[in-house]
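Q: Please take a close look at one part of this structure. I would like to see how a single strand is held and what lies around it.

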Amino acid sequence: MIKGSTRRLLVGLAAVAVLASACSTGATTAPATAAPATAAPATAAPATVAPPTTYKIGYSNAGGVGNGFREEQVCTAKAEALASGQVSELTVIHQNGTAAEQLQQIRDLIAKGVDAIVFNPNDAAALNPALTEAKTAGIVTVSVDAYVTDPDTYNLYNNQVEYAKLGAKWLFEQMGGTGTVYYMRGYAGHPADNDRHKGFLEVLAQYPNIKVVPNNDGVATQWDPAITTTLINDFLSSGQYETIQGIWTSGMDSIVVDAIKAANKPFVPIVGADLGAFVKQLLDPVGYPGLVGAAVTNTAAVGGAGVGLALKLLNGETVTTDPTASQPNTVLLKPVVAENVTDQGKALLKSWQVDGLDPNWPLGLQIEGYTTYTPAQAVACKGPND
Amino acid sequence: MTATAGTVETAGAQPTEALARWARRNAWSLGLLAFFAALLVFTKFIQPSYGVTGVQGLAISVLPLALAAVAQAIVVISGGIDLSIGSMMALTNVVAASLMLGRSDEFAVVVVVGVLLLGLVLGAVNGALVVLTRVPDIVVTLAMSFVWAGCALLVLKTPGGGSAQWLKDLVLGPLGNEWIPKAAIVLVLIVGLIWWAVRRSRFGLSLYAIGSNQLAAFRSGVSVGRAKVFAYALTGLFAAFAGLSLTASTGIGNPLSGSYTLQSVAAVVLGGVSLAGGRGGAFGPIVAVLILALLRTDMTFLNLNPNLATSAQGIILIGVVMVGTLFQIRRGRP
């Protein structure tokens, strides 16, 4: 048996732990409050088809609280709910949890009697019981950023096969169809990483004179800055860098560029994602002389687009789905590539930049056809009931 | 002190007096129940549409934590603590999900029985280590929580597996009346039957005895070591029930446990189980879990940040322990 003091310590510990976890997540939910307060005019479009303004929407995000990609999703959802002028109340549950805990989040939203639930799923199959209950209650459900296997839920996410293809094609063309590429992948086993690998190999098969190092499986950066830094520094110091003519990265791009610069080596063409830091490097010929690269969009505005899609479904509008997707009722977002070689590409890169955006947030704050807010509204991170 | 003692006393007393004594002894649980009822009324007030869907959702949501809280209550009553409950839940959850994937319904019955036995074994290992090594139980079970968590990751690297349909149907939806959730019946049956049997057995008596005063229990002829191992094994069994309830409600196995361990400690404290051991039951912690879950739901209804509910939980926890200690001092108990 343990002493009373130890027990008191344990209770204190338990209490402090729950408090600390709550406070830490609570603090990270508001990154945009520091942004310039250029509050855009609220509810801008009342003059269209006069849709009802009484929808109640629930939003569940049960993972990656504090991660720029997820924070941007939630903020764009709030911005779209506000800008659409059709949402009277947006209830956001933005709290890390397991699939079992996300089930409770969705059931709470059902009990609240919302008209639609938009969520970023923690698992492809585990949420299905609650989604069936939502359908019975007449609630529209939209899964963003990844798909769920529930046949009545709409899915909306980035086409990651296409993402890899666009970048790889640009890179291989830039290299004149011949040479060696260092292949830096994402998180081993993640669905997005699997899809990107599929796209990369498809394009590679069309370029017989392109060789991949260390092999066609590439290396896993795990989307982790520390692991990426180790990988690229080992590659640079071992002299292998001199044998390649291009680098394909699955994000983590600006870290690789900075490492090459620090090693004082000439740049080879590089592909990355549309993260603020990388786009800034591509548009800075003084700081990064000779840097040639391309950024592929991987928008986090899927949160806002999910709200937009839910509104379309509630209003009975037709939605164009993609029959090539693994699930029915899927909207695949098409990525776009922009390089810093042509004036046209540079202009596109410049157009993506957003003032006041957190450097850890992806650019590409809007999705055509699904979002109506201004970038400033997304940065402001305010919903209709905030 | 125990139910047996209680029945002897009440046999000769006036019915009203017996009722009063019963109420006094269960004052904390009854108070919690009243608070839960008030919270339900408050919920109905802020969300007039709260009804069947809400009650069904509440019942299935609280099932894993309610079972975990009962598991923790048993070991705390015996004077110990188990910080590996969350990891045991994860391990039993993934073992069940990985074995059931693509197999027949009949095979799933074997899996369920096997997983429950596995829970007993995991708990018995915890208990044996506590008794044999004489290392404080808080250290042993914390260490074992990493061992069981590692085993869970060996079974399944990422969330996956499956569940038999009958297991999913066992906890989903109503039975008969739409207001009666199957999950609640499952909880009442599991806890009611096992707890009832334990309370009436010699083991139940020794459970409270070693929790109240180990030396006195030893001098009265209780085998302290055996009773302890038994308590931990029973905790492991309930952790396995909780793990299976995760498999049933999500249909998959997840090797990463949620925050069930610390939440179970919180529920036990709120539920009137003395952390010093020897006092409390299974009913209080379950009502505490219901209150904590409904508080979260109300936060959603009120459009408040759900993380506030977690903060509120921590503050209530500290408050309850402080008030409880104050009462103990007043009564002159150590």
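A: The account below starts with one strand of chain A and then turns to the core. The model is predicted.

Take strand E5 of chain A, residues 154-158. Five of its five residues are buried, so the strand is largely enclosed by the rest of the structure.

E5(A) pairs with strand E4 (residues 140-144) of chain A in the parallel sense, over three bridges. Here A:Tyr154 is the bridge partner of A:Val142. E5(A) also pairs with strand E12 (residues 330-333) of chain A, again parallel, over four bridges. In that pairing, A:Tyr157 has A:Leu332 as its bridge partner.

Now follow A:Val142 outward. Setting aside neighbours within four places in sequence, A:Val118 is in contact with A:Val142. Its other contacts include A:Val144, A:Ile57, A:Tyr59 and A:Ala310.

A:Val118 belongs to the largest nonpolar core, which has 202 residues. A:Val118 is among the residues with the most contacts inside this core, as are A:Ile57, B:Ala69, B:Val70 and B:Val289. Helix H4 (residues 52-77) of chain B gives the largest share, 17 residues. Domain 1 (32-157 + 300-332 + 364-380) and domain 2 (160-296) of chain A both contribute residues, so the core lies between them. In soluble globular proteins, nonpolar side chains tend to be buried together.

One helix of chain B rounds off the view. Helix H14 (residues 283-301) of chain B is mostly covered, with 17 of its 19 residues buried. Just after H14(B), B:Asn303 takes a positive phi of about 60 degrees.

Methods: Residues are numbered from 1 along each chain as its sequence is written. Chains are lettered from A and ligands numbered from 1 in the order in which they are written. This is a predicted model: local features need pLDDT of at least 70, side-chain atom pairs count only at pLDDT 80 or more; totals for chains, interfaces and linings use all residues. A residue is buried if 20 or more other C-beta atoms lie within 10 Å of its own, exposed if 12 or fewer, and partly exposed in between; C-beta atoms are placed from the backbone. Helices (H or I, at least four residues) and strands (E, at least two) are DSSP runs, numbered from the N terminus. Two strands pair if DSSP finds at least two bridges between them. A nonpolar core is a set of buried Ala, Val, Leu, Ile, Met, Phe, Trp, Tyr and Cys residues joined through C-beta atoms within 7 Å. Domain bounds come from an automatic or database domain assignment. Two residues are in contact if their C-beta atoms, placed from the backbone, lie within 7 Å.
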